[in-house]
Amino acid sequence: MRDYDEVTAFLGEWGPFQRLIFFLLSASIIPNGFNGMSVVFLAGIPEHRCRVPDAANLSSAWRNHSVPLRLRDGREVPHSCRRYRLATIANFSALGLEPGRDVDLGQLEQESCLDGWEFSQDVYLSTVVTEVWQEECSLRNHGCTDWLQLPADFLHQLGDVHCVICHRGHGPDLQLCGGFHTRFIPESPRWLISQRRFREAEDIIQKAAKMNNIAVPAVIFDSVEELNTLKQQKAFIMDLFRTQNIAIMTIMSLLLWMLTSVGYFALSLDAPNLHGDAYLNCFLSALIEVPAYVIAWLLLRTLPRRYIIAAVLFWGGGVLLFIQLVPADYYFLSIGLVMLGKFGITSAFSMLYVFTAELYPTLVRNMAVGVTSMASRVGSIIAPYFVYLGAYNRMLPYIVMGSLTVLIGIITLLFPESLGTTLPETLEQMQKVKWFRSGKKTRDSMEIEENPKVLITAF
């Protein structure tokens with residue numbers, strides 16, 4: 001009995017058709033880069049201080065000293081959330097008293113920013129915080145704007161969740177948000193076969209053979225019984241939890257995707273908060289992804305998946321944990337370590353798509369990737385809250401992210417290895433997680449072990 005790979009072997013592995021599909025799929029994802037991290041700038045928080053109304057009867061000296069100073073990164077800067085009580089300093093101003101000479105500023109009562117804020121335009125001319133949230137915050141009489149970026153980050157990432165839901169979820173024919181359809185990309189013949197749409201699958205394979213300048217066999221699918229993938233089954237989301245082994249693998253996959261996403265998006269969103277120019281730091285944060293993807297591609301070609309994913313996660317998490325040992329004034333070293341940490345997490349993130357697709361059978365493969373991708377969006381939603389742990393301690397975000405990244409690196413080692421095995425076609429052919437390896441092997445799993453084949457395919 002032939003399987004799908006045997007039936008379509010005549011097409012070859014890397015002909016013009018496969019290269020075209022690869023190029024189109026790669027090109028279709030490029031627009032995501034233009035808005036994926038736009039919230040970093042759209043919802044950026046400029047330097048700010050409490051506004052003192054023009055109508056306040058203050059001398060120039062008291063107006064310049066109306067906001068207390070605080071220590072940040074080794075230097076004194078105006079407090080962004082507090083000011084001296086306006087009625088008190090207006091009274092001192094009227095009496096002709098001078099701040100610092102006649103009045104001890106450290107003893108003055110303080111109040112929140114009741115009249116809003118003055119925002120610096122040195123970095124951002126305007127953002128969501130300066131244009132939209134300030135009025136809302138003033139109405140609510142909150143004392144600081146730092147919390148205002150969280151709703152913007154949350155809503156932006158929630159939009160990405162909608163994009164995941166919008167995907168039709170069956171092969172590379174995607175329905176993107178906003179109603180745009182990439183109709184130039186054909187359906188996956190393997191998926192069509194699993195749905196018993198044989199004629200459509202055969203038409204696509206014939207077109208592929210024609211593009212590859214290969215003669216098409218007289219009969220491609222000669223009978224339903226001839227293929228292992230053609231069992232009359234329908235997939236439901238609960239199939240991802242059908243047995244204890246599958247349920248544990250799915251839960252582990254959800255954790256792996258979600259926590260990796262937390263690290264990736266938290267480090268990306270935190271780039272403007274690093275020392276120095278925010279735009280340069282964001283550029284470096286984006287630039288480090290290029291070698292990360294190249295290295296991931298090279299590693300995936302020859303090395304065991306679970307070991308290399310665990311290795312780059314250990315690398316990323318370990319580097320982030322090491323940042324706390326760097327002296328506070330070694331800014332460039334800290335930034336370099338952050339970039340190296342993102343390098344490891346980005347590499348792992350890019351490998352998860354391949355690894356997850358290889359672990360699950362055709363019947364639920366796209367469903368599994370969709371569900372785990374949804375989990376990654378949950379991670380991106382909560383990522384900003386990890387960033388804002390820095391308001392309590394500068395090192396806290398890196399300690400938490402580093403620890404979680406090392407933890408999921410350990411979890412990755414519990415997955416079965418997928419390199420060198422054929423793509424499973426049924427749930428029974430799925431491999432077992434590490435602690436379930438003992439037990440009776442099914443006939444299908446024994447056939448896979450006896451006849452291993454590299455599973456890379458364009459379909």
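Which glycine, with a positive phi, follows H6? H6 is followed by glycine 96, whose phi is positive, near 80°.

The structure is a predicted model, in which local features need pLDDT of at least 70, side-chain atom pairs count only at pLDDT 80 or more, and totals for chains, interfaces and linings use all residues. Residues are numbered from 1 along each chain as its sequence is written, and side-chain values use heavy atoms, with hydrogens and water left out.

**Helix H6**

Helices (H or I, at least four residues) and strands (E, at least two) are DSSP runs, numbered from the N terminus. Helix H6 comprises residues 86–94, and its buried residues (under 20% relative accessible area, with a 1.4 Å probe and protein chains only) are Leu86, Ile89, Phe92 and Ser93. Viewed down the axis of H6, these residues fall within an arc of 130°, so they line one face of the helix; the arc is that of the directions from the helix axis to the C-beta atoms. An α-helix has 3.6 residues a turn, so residues three or four places apart point the same way. The buried residues of H6 pack against helix H5 (60–64), strand S4 (82–84) and strand S5 (110–112), where contact means heavy atoms within 4.5 Å. On the face turned away from the buried side, H6 carries Ala87 and Ala94, which are exposed (over 50%; partly exposed lies in between).

**Annotated spans**

The unreviewed UniProt entry lists several residue ranges as "transmembrane region", including 307–325 and 331–355. UniProt positions are given in the numbering used here, feature names are shortened, and annotations may be inferred rather than shown by experiment.

| Span | Distance between end C-alpha atoms | Helix | Strand |
|---|---|---|---|
| Residues 307–325 | 28 Å | 84% | 0% |
| Residues 331–355 | 36 Å | 100% | 0% |

**A nonpolar surface patch**

Leu280, Phe283, Leu284, Leu287, Val290, Val294, Ile295, Trp297 and Leu298 make a nonpolar surface patch of about 810 Å². The elements giving two or more residues to this patch are helix H12 (278–287) and helix H13 (289–302). H13 gives the most, with five residues. Leucine 280 lies in helix H12 and is partly exposed, with a relative accessible area of 46%. Patches are made of residues with over 30% relative accessible area and no salt bridge (a side-chain nitrogen of Lys or Arg within 4 Å of a carboxyl oxygen of Asp or Glu); like charges are joined within 9 Å and nonpolar side chains (Val, Leu, Ile, Met, Phe, Trp, Tyr) within 5 Å. Accessible areas come from the Shrake-Rupley method with a 1.4 Å probe, and for residues only the protein chains shown count as cover.

**Threonine 243**

Threonine 243 is placed in the loop between helix H10 (198–211) and helix H11 (244–269). The C-alpha atoms of threonine 243 and glutamate 428 are separated by 9.9 Å, although these residues are 185 residues apart along the chain.
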